[in-house]
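Morning, everyone. I have one model to go through, and I will keep to packing and burial.

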Amino acid sequence: MRQFRKLPILNNNPCVRFLFQQLEKQVCSESDFSERTGIHRDTLRGWRTRYNPRINDLEFALNCLGYELTCRPQRTKDDKK
């Protein structure tokens, strides 16, 4: 296992942020995750900093961490009361 370094998550997409937070929580480096999933390290680095992944790539990555991507109705202001 490689040395784990906590890198800043610059992407503001909540799903992408969740992905990298889970990688940190599970103490999995981008290199290890890359080898496990086949997603290139440079692709992961791009997601962390500036690019949004395609939905099927994001879903695949989350599935590898034990999560599934789901949709739900958007909350309205009335629902928050």
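Which helices do the buried residues of helix 3 pack against? Keep in mind that this is a predicted model. Helix 3 covers residues 41-49, and its buried residues are Leu44, Gly46, Trp47 and Arg48. They pack against helix 1, at 14-25, helix 2, at 30-37, and helix 4, at 55-64.

Next, helix 4. Leu58, Ala61 and Leu62 are buried there. These three residues cover an arc of only 95° around the axis, so they sit on the same side of helix 4. And what covers them? The cover for the buried residues of helix 4 includes helix 1, helix 2 and helix 3. For the backbone people: Gly66, just after helix 4, takes a positive phi of about 95°.

Last item, Ile9. This residue is in the segment before helix 1. Is Ile9 buried or exposed? Its relative accessibility is 14%, and the cut-off for buried is under 20%, so Ile9 counts as buried. Which residues is Ile9 in contact with, leaving aside neighbours within four places in sequence? The contacts are Arg17, Phe20, Gln21, Glu24 and Arg48. Arg48 we have already met, as one of the buried residues in helix 3. One distance to go with that: from Ile9 to Ile55 there are 46 residues in sequence, and the C-alpha to C-alpha separation in space is 19 Å.

That is what I have on packing and burial.

Definitions and conventions: Residues are numbered from 1 along each chain as its sequence is written. This is a predicted model: local features need pLDDT of at least 70, side-chain atom pairs count only at pLDDT 80 or more; totals for chains, interfaces and linings use all residues. Side-chain values use heavy atoms; hydrogens and water are left out. Buried means under 20% relative accessible area, exposed over 50%, partly exposed in between (1.4 Å probe, protein chains only). Helices (H or I, at least four residues) and strands (E, at least two) are DSSP runs, numbered from the N terminus. Contact means heavy atoms within 4.5 Å. The arc is that of the directions from the helix axis to the C-beta atoms.
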